Amino acid sequence: MFVINCPYCGEREQSEFKAGGEAHIVRPKQPTELSDDQWAEYLFMRKNIKGIQYERWNHAHGCRKWFNMVRDTSNDKIKAVYKMGEEPPTE
Amino acid sequence: MKNKYSIFSLLKNALSYHENWEKAWKDPEPKKEYEAVIIGGGGHGLATAYYLAKKHNMKNIAVVEKGWIGGGNTGRNTTIIRSNYLWDASAGLYDHALKIWESLSQELNYNVMFSQRGVMNLAHNLQDVRDLKRRTHANRLNGIDAVYLNTEEVKKFCPIINTSQEIRYPVLGGTLQRRAGTARHDAVAWGYARGADKMGVDIIQNCEVKGIKRNGDCVEGIETTKGFIKTNKIGVVAAGHSSVIANMAGLKLPLESKPLQALVSEPVKPIIDTVVMSNAVHAYVSQSDKGELVIGAGTDDYISYSQKGSHDIVEGTLNAILELYPIFSRMRMLRQWGGIVDICPDASPIISKTSIKGLYFNCGWGTGGFKATPGSGDLFAHTIANDEPHKLNAAFNINRFVSGDLVDEHGAAAVAH
Amino acid sequence: MKKNLRVKSSKFIDETYRIAFKFNGIKYFGFKGDTLASALLANDIHLVGRSFKYHRPRGIMTAGSEEPNAIVQLHDNSSRTEPNVRATEVEIYEGLEASSQNCWPSVNFDIGGINNFLSPILPAGFYYKTFMWPASFWEKYEYFIRKSAGLGKSPTEPDPDIYEHRYIHCDVLVIGAGISGIIAAKISAKKGFKTLLVDESPYLGGSTISQNSEFFKLNNQTSGSWLEKEIHEIKKIDNLEIKTRTSVAAYHGYNFLLARENLTDHLPIENRKDKTRQRLLKIRAKKVITATGAIERPLIFNNNDRPGILLSSAIKKYADLFGVSCGEKNIFLTNNDSAYETAISLVQKGIKVEAIVDNREQVDSKLLFEIEKNNIKVFRGFTITDTFGYKRINKIQIMQLSKDGQKVIGSKTNLSCDCLGISGGWTPAIHLYTQSGGKLKFREEDQVFIPKNQSVDHLSVGSCNGDMTLNEIITNLLKDLKLFLDINDTGYENIEVLSCFNQSKRNIWLLPSDKNLGKTKPFVDYQNDATAKDIKLALREGFRSIEHVKRYTTTGMGTDQGKLGNMHALGIISETAGAKMDELGTTTFRPPYTPLTFGTIVGRNVGEFFDTFRKTPLHDWHVKNKAKFENVGQWKRAWYYPKINENMHQAVQRESKAARDSAGILDASTLGKIDIQGSDASEFLNRVYTNAWSKLAIGKCRYGLMLNEDGMVYDDGVTTRLEENHYIMTTTTGGAATVMSKLEDYLQTEWPELDVYLTSVTDQFATASVCGPNSKKIISKIFPNLDLSEENFPHMSFKNTKIGNISCRIMRISFTGELSFEINVQANYAKSIWEKCIEAGKEFNITPYGTETMHLLRAEKGFIIVGQDTDATMTPIDLQMDWIVSKKKYDFIGKRSLYRSDTIREDRKQLVGLLTENPKEVLEEGAQIVADIKKLPVEMLGHVTSSYYSPNLDKSIALGVVKGGKNLIGKKLIIPMEDKTINVTVADPVFLDKENKRLNA
């Protein structure tokens, strides 16, 4: 089980958190303008990366804040965490 | 078949100290070109190759496997087989598989130990009861054997379940599919490999796919750690790694790969002779022929390819096991492991062609793929050979995520996979 | 003919404290400090069990957790019996009863022994090749296979013992309290690190503690007595916690480890009462040092499994630690110096050593002189080709090894013995290291896998790191520890080490015999009866990967998880297939290291602690009034309130009638309540609900439907505008937490620009819902100052009011279709308000009703229950609730999904009412709906979602979803049950009061 460094609370056990899947998928501002294909792309299609992934986590049993994480999904090593709205770190 | 397996061949070979058994499958180097290549040497991939050769006369084909055959989810699952699914499309698919299971050992001349010891699904709240009754009615009308049991009948069928109504989530009833059961997972991979090999299929292990070569909208071959292999038809059956292969072809799939864990206890004499699944408190248990209690845990909520999950999930599962079977408290966990399961948003699989000609995907089986192995192989072979789905897998196309016609087993009922 | 095999008093055994125990029903004695194995050996008992497949007699082989053979059933009472317990780990206690497993009728005479004679036709994987005819017979074969498989027996009654969890956070965790672990822990603690030292055995010091030899010295003392002083010292260090009888089971990522601490298993039974049996330690360590030692390897030769054959190190441990001699005529077979050490130790205690058979031709160790001094015959360059004695070894046959070690040559010599010690060298215990993700490298010199690299948060020290001599151990330990802990000195800089171990070893994975391999039984995995032949057969049949061989032959899959034999399996594969060891790799070492009790993993989360009970503030009132409860999520909700002699149906009929005829009261406190504030609250609601909210006036309530982004109905409830920028939202009981999470998610991640604050207030408020034609009278009695007129307080509006000092929010909203008022108060006033309602309603026969009646009443009105009438495949259009989907709003969650090609289809399932032909017949919820029954499979149009007998309409009513249902009103359909078919007519889902007159009654 991971130790996650919540950007608001510091290091906490993984059991306090919930994962929220791939990050930086922005909800389309004008959904009605999209084709079914484009909408499905937003709704369901995922990179599901093996390797460095940018993903969302929620400190559900803590401050309840959502934040982003960079994690290597091949070995579960957490590389970085950053707040919602912040630019993802580059290496 | 030369070297047919039977008690007689065992006796005969005993005389020569078993030194004359043939290889169950060869270990060839890849040829330059194949009519079709299956990526992934698990049960589904090997079955696909078997049926391509057997039913569609495609014998110049290969299965390429990154590691060793049957080493992924085939060799890591809790081997539950059942077909009592709610939706017509799912029931059709899984019962097609179940029918093949019933004669698979004879078909393959390999004892896959399909044991129809019944699968029970328990209800723990009033909505569970409604959902399980709904499913039982649907099963009956689809010709699938399934009956609803009240609490006393549950207890009678599996006396070690704690059916006290005083527990936190008492057992209110359950369903039973008697034709359902378990099989020996490794034997399925090995049996299909041996069968496919005998028909000329090349099973190439330790061969990792590194790229998919495309010419416009058609596939031309695969780059592997054993060199380039030319082919016009690629069937991807890579389970947790499906997205990785898809990304090589420039496709995205509606999948997330997550850890799923399972564990076994030390072996004991027979104590539970059926399979019991409970979704509401999340505990599945059966007993293997060796005597180990085989227990399935749940998935973690994060994407991971590490084949490791969190301890909390295992602990939660055992909490539920002891809630339902307090007699198991002094039993001991012998082994615990994880697999990578590829999950679709509607918890149903994809057996489909794609926007790229010659590229086919069989994935998204989530936590329940083992039971479908023979049916999945058969239908995927049909889809690859004809470039069109069979009517039993038509509903499991990729396009359903665009049109909205999902096969939502997940949301539809308290059905554990 | 009982012999006393105690040879020498040992300080680990208290010979003044005699303990009686039973084995297979016979009473024996041992001493405090004995394990079951040492006590049995002291009583000259070697035959302990039968093997898994061939039921061969097996004895005690080791003295630790790697034991494959000596596993027993403890106790025979149905709740505390325990299968598969290693006799080598059980500390004896007064009242201990153990019995042999996997044998019938007894371990001495076991019918299953016939399998040994059938073994020629039972090679690895035989079951894959047979039992296929006739096809339907597998389950019959399987019945017998299952009966003969398994080892011990499961308990059949619940476990009366208590288990618990403890969380430990430390700077440094040291696993293993042998010499390396003790030194590492001492240095770490002395340098100020909060240190935890654990060891699986009851004492500290590992194998060194009993090392009394002149050949191994530290600062000119024997290593054993030097270590004893160290142990004495570390016990005084404050920031060092020491735990014995504590076995680390799993080493997960981020230095999270699980360990089992045994607390009572060694105590006399009467002293265990009310004590915790085992504790699961959940350890989070900044740094981990593994000092798990090494496990001695057996040797693989023909019939190497007989009782009386033990690891050389085990014989030494039994003699040194327990003062027990394993035999009176001892012989050793070895390929390295370890057996010499044991032999010397035995000789010093007066135990007779007949001979040492050494695979090596050259032995130049100092130990050899000591051996020869004692007139022990050493056969150099020899091996054992066979052993004899069915239930106890009595003779061995030896022959000379060829130069290449692949054959035996020369003549056969027989030697008699009653105990054979074997030593194939040492295997570093790298299990935990690999569990943590560490990679291994292969060291050719002594054919061992050792850790490839050390990481910043994990260090392997001592023999588990491949350091086999005392000198190496100390030197490398001090060097590595300095780097690992980032310290300048260790305090051991001046230690003097005398070490005389010779690492030379002649490693032959499978020792040759004069017989054809096919005729021999060289066991690799003792417990599972996998032999070298089986491994070669697997390779012959094309199984090449180590994992394939393991699975095909079941090597390494027993309760010992291959701690002894896995290396030999690898070695034999490597030799046979011509592959390099490090290319083959090992099989994955999966947790736990030693089996872990389910009860320990679960701890206190059993029974009433299995899951949280959520109770409303009115729970006690419901209990007092004899309510039956329903589980809804974690909540306990009052289901119905039966009067004496009333069944559920009667109670619900009575409650339903009362609510419509006069007055009813429901505890609605479980509904989720979310307080929404902020200047963008209205805009937020616009985005999350399907309907429009901007124009909702202050003081008004509105029903809302929430979708998932995929367009499917997700939750519903009434939201009230309390003030300009202040709403209170209600959700379903089960959906409250997920709705809250989902709203927070959108707010924080998609719409951070919105000025909105969400607070869950479900637990802060209690809700009493009073309904029925007399509800207004009741409310006016309680709130005399509140103007309940239609003009002032119309349907779908709310008022703030007070009783005394208690603030109340009263909503005039209705889920029953009756005139009704929901009183929301701070949770701690709930009981007082509720009782006021009951008191005020007495004259109107106010009737408390539960969830079942609530469901019935709302079904009469055709109101849906999300999760019962919907199932995550229903859009609002499918529910015929088009009216609630705003056409004007540009966007809301799920909107786009409603316009996909398959979600706009007319033939989707739609919510309808169903009326049975026979109005008395109540449909089964979940029953399927069809148009026609011809043959299987029948085309199903939908199913019954809700069904009740309505006392108010005096007929059966039901809701269901039917394909194209909205165009089928008035059509006849069929409900096919198992034993009959029921005719129904599709109807409008609103059965009662279509005009909504009752709302304003």
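1. Contact here means heavy atoms within 4.5 Å, and by that criterion Y318(C) touches, leaving aside residues up to four places away in sequence, a set that includes T35(C), L41(C), I60(C), T88(C), L310(C) and C326(C).

2. This is a predicted model, in which local features need pLDDT of at least 70 and side-chain atom pairs count only at pLDDT 80 or more, while totals for chains, interfaces and linings use all residues. Residues are numbered from 1 along each chain as its sequence is written, chains are lettered from A in the order in which they are written, and side-chain values use heavy atoms, without hydrogens and water.

3. In chain B, 6 strands (DSSP E runs of at least two residues, numbered from the N terminus; a pair needs at least two bridges) form an open, mixed sheet in the order β8-β2-β1-β12-β19-β18. Its edge strands, pairing on one side only, are β8 (202-204) and β18 (350-353) of chain B.

4. Within this sheet, β12 (residues 234-236) and β19 (residues 359-363) of chain B run parallel over 3 bridges, and V236(B) has F361(B) as its bridge partner in β19(B).

5. Helix α10 (residues 373-386; a helix is a DSSP H or I run of at least four residues) of chain B packs on the sheet, touching β1, β12, β18 and β19 of chain B.

6. The largest nonpolar core (buried Ala, Val, Leu, Ile, Met, Phe, Trp, Tyr and Cys residues joined through side-chain atoms within 4.5 Å; buried means under 20% relative accessible area with a 1.4 Å probe, protein chains only) has 232 residues, of which W101(B) and Y318(C) touch the most other members. Apart from it lies another core of 43 residues, including I167(B) and V285(B).

Terms used:
Axes fitted to C-alpha atoms, helices over the stretch in contact; angles between N-to-C directions. Buried < 20%, exposed > 50% of the residue type's maximum accessible area, 1.4 Å probe, protein only.
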